[in-house]
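Welcome! Let's take a friendly walk through one protein model, stopping at a few residues along the way.

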Amino acid sequence: MFTGIIETVAEVIAIQDEGTNRQFKFTSALSHELKVDQSVSHDGVCLTVVKLEENAHWVVAVQETLQKSNLGNLKIGGKVNLERCMLNNGRFDGHIVQGHVDQTGVVTSIREVGGSWLFDFKYDVAAGNVTVEKGSIAVNGVSLTCFNSTANTFTIAIIPYTYEHTGFNQFKVGDVVNLEFDIIGKYVKRLLGVAHR
């Protein structure tokens, strides 16, 4: 389990296809601290470390992950947000993030407002996911709060610290992002759906 509080940003330095799987080699300030078989969130996708090299680590994404996240678009030099699993004696600073991307969304607008940034996103409602006003969402693994929530759009505000220390400073209009919707909201929606059948 993760909390959506990003520890560092990693850079892709190698990509290898193996059948329908894709192996990624990342370098980061955390890579030397990782262990083989450790689960690490990469842009909100929980991936297992399979190999370690000096200041670098390898992970493997299966075809399902490549299709349902933005990892299939990664190129050499691309950057992702990293977070290790939450320690059981740690503070819960974000919200419950599983590392299971529900679907992708698209950046539709970026505006700097008074030293912070507003990002607008849209997503396909066909997947059945919803946001609520002032509810939680993970965008590329970052725990955030939605506002201006509609059936298929929402806005988030990014403070300077988050902008500087995550991949948000690289976002452009049209970029595809990973979305993990709030787990409590997903269960409530499912229960209400079952109750009304």
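A residue is called exposed when its relative accessible area is over 50%, buried when that value is under 20%, and partly exposed in between. Keep in mind that this is a predicted model.

**Two residues with an unusual phi**

Let's put those words to use with Asp37. Its relative accessibility is 63%, so Asp37 counts as exposed. Asp37 sits in the loop between β2 and β3. What is the phi of Asp37? The angle is positive, about 80 degrees, although Asp37 is not a glycine. To see why that deserves a remark, remember that most residues other than glycine have a negative phi.

Lys134 is another residue of this kind: it is not a glycine, and its phi is positive, near 65 degrees. You can find Lys134 in the loop between β8 (116-123) and β9 (136-139). With a relative accessible area of 60%, Lys134 is exposed.

**A buried asparagine**

Now turn to Asn81, which belongs to strand β6 (residues 79-84). Is Asn81 buried or exposed? Its relative accessible area is 2%, so Asn81 is buried. Which residues does Asn81 touch, apart from its neighbours within four places in sequence? Its contacts include Ile6, Thr8 and Val9, as well as Ser41, His42 and Asp43. Among the others are Asn140, Val142, Thr166 and Gly167. Gly167 comes up again in a polar pairing: a polar atom of the Asn81 side chain lies 2.8 Å from the backbone nitrogen of Gly167.

**Salt bridges**

How many salt bridges does a search of the whole structure find? The search finds eight. Here are some of them, with the distance between the closest N and O atoms.

| Acidic residue | Basic residue | Closest N and O atoms |
|---|---|---|
| Glu33 | Arg84 | 2.9 Å |
| Glu53 | Lys51 | 4.0 Å |
| Asp120 | Arg111 | 2.4 Å |

Let's begin with the bridge between Glu33 and Arg84. Glu33 lies in the loop between β2 (21-27) and β3 (39-42), while Arg84 lies in strand β6, so this pair ties together parts that are 51 residues apart in sequence. Glu33 is partly exposed at 40% relative accessible area, and Arg84 is partly exposed at 23%.

In the bridge between Glu53 and Lys51, Glu53 is partly exposed with a relative accessible area of 33%, and Lys51 is partly exposed at 39%.

The bridge between Asp120 and Arg111 has one buried partner and one partly exposed partner: Asp120 is buried at 14% relative accessibility, whereas Arg111 is partly exposed at 31%. Some bridges also share partners, and in this way Glu7, Glu33 and Arg84 are joined into one network.

**Cysteines**

How many disulfides are there? The count is zero. Why is Cys46 not in a disulfide? A disulfide needs two cysteine sulfur atoms within 2.5 Å, and the nearest cysteine sulfur to that of Cys46, belonging to Cys85, is 5.6 Å away. Cys46 is partly exposed, with a relative accessible area of 29%, whereas Cys146 is buried at 1%.

**A nonpolar patch**

Our last stop is on the surface, where Ile184, Val188 and Leu192 make a nonpolar patch of about 270 Å². One of these residues, Val188, lies in helix α3 (residues 183-195). Val188 has 42% relative accessibility, so it counts as partly exposed.

Methods. Residues numbered from 1 in each chain as written. Predicted model: local features only at pLDDT ≥ 70, side-chain atom pairs only at ≥ 80, totals over all residues. Heavy atoms only, no water. Helix = DSSP H or I, 4+ residues; strand = E, 2+ residues; numbered from the N terminus. Buried < 20%, exposed > 50% of the residue type's maximum accessible area, 1.4 Å probe, protein only. Polar contact = N/O pair within 3.5 Å; in protein donor to acceptor, adjacent residues only side chain to side chain. Contact = heavy atoms within 4.5 Å. Patch = residues over 30% accessible without salt bridge, like charges linked within 9 Å, V, L, I, M, F, W, Y side chains within 5 Å. Areas by Shrake-Rupley, 256 points an atom, 1.4 Å probe, with all protein chains shown as cover. Salt bridge = Lys/Arg side-chain N within 4 Å of Asp/Glu carboxyl O.
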